[in-house]
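This report describes a helix pair and the nonpolar cores of the structure shown below.

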Amino acid sequence: YSRYGKPSELEEYTIKAQVFQKEAMRAMVEAYRKNKYKSSGILIYRLNAGWPSLCYHLYDYYLRPNGAFYGVQQACEPLHIQYSYDDNSVFVVNSLYREFKNLKVSARVVNFDMTEKYSNTVIMDIEPDGNKPAFVIPPIEGLSNVYFLKLTLESSSGELKSSNFYWITSKSWNFSTHQNCFQELVLKSKH
């Protein structure tokens, strides 16, 4: 519940599960892309679900894309700006075989009440088929339990090339709490 709040009904749980899956799969692919040519790859356990379920697939039982699909799609854009959870860095990843010069990399951190807590902009170049850190977001005082990070990547002419948005929490995450909530909601929906 650390990011989206405790769901009160099963439908709300499934919606929040889709958002969580989008973030989780995007983070996995972005971590790989940050370390491309140093990492051997990633494995997505199931492309599609063999039965109706909520997680570990990109397409559901009825072959409809879910949140995870859109997270992977976003993380795989050819020229991409991303946040790295492991070291708070902002990276630019270029999968195209051309160089980009004078890219404007911007980051903005806002609290849950939308007060700005940090912003930074740098100009950088990225080589063909490369990845490069732009900067590290420093520790920030006075953040709310849930805060937001907006990243943008623009060309020298101001054309938006990539943008990314992250919900980040300063709380630790406990998987068993989420499992217990799901079981409670399933029982509640049967009555």
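In this predicted model, helix H1 and helix H2 pack at an angle of about 30°. Angles under 35 degrees count as roughly parallel, and H1 and H2 are therefore roughly parallel to each other. Their axes lie 7 Å apart, and the crossing of the two helices is right-handed. On the H1 side, the contact is made by Gln18, Gln21, Lys22, Met25, Arg26, Val29, Glu30 and Arg33. H2 contributes Gly67, Ala68, Tyr70, Gly71, Val72, Gln74 and Ala75. By class, this contact comprises 6 nonpolar, 5 polar and 4 charged residues.

The nonpolar cores are considered next. The largest nonpolar core has 22 residues, of which Val105, Ile137, Leu149 and Leu151 touch the most other members. The strands tabulated here each supply at least two residues of this core.

| Strand | Residues |
|---|---|
| S1 | 79-84 |
| S2 | 89-94 |
| S3 | 100-111 |
| S4 | 116-126 |
| S6 | 146-154 |
| S7 | 160-169 |

S3 gives the most to this core, with 5 residues. Leaving aside residues up to four places away in sequence, Val105 touches Ile81, Val90, Val92, Asn120, Thr121, Val122, Met124, Ala134, Phe135, Thr152 and Leu153.

Apart from the largest core lies another, of 7 residues, including Val29, Leu58, Ala68 and Phe69. Val29 of H1 and Ala68 of H2 also take part in the contact between these helices. In soluble globular proteins, nonpolar side chains tend to be buried together.

How values were computed: Residues numbered from 1 in each chain as written. Predicted model: local features only at pLDDT ≥ 70, side-chain atom pairs only at ≥ 80, totals over all residues. Heavy atoms only, no water. Axes fitted to C-alpha atoms, helices over the stretch in contact; angles between N-to-C directions. Helix = DSSP H or I, 4+ residues; strand = E, 2+ residues; numbered from the N terminus. Parallel < 35°, antiparallel > 145°, perpendicular 65-115°, else oblique. Left-handed = near helix turned anticlockwise from the far one by under 90°. Contact = heavy atoms within 4.5 Å. Nonpolar A, V, L, I, M, F, W, Y, C, P; charged D, E, K, R; others polar. Core = buried A, V, L, I, M, F, W, Y, C linked by side-chain atoms within 4.5 Å. Buried < 20%, exposed > 50% of the residue type's maximum accessible area, 1.4 Å probe, protein only.
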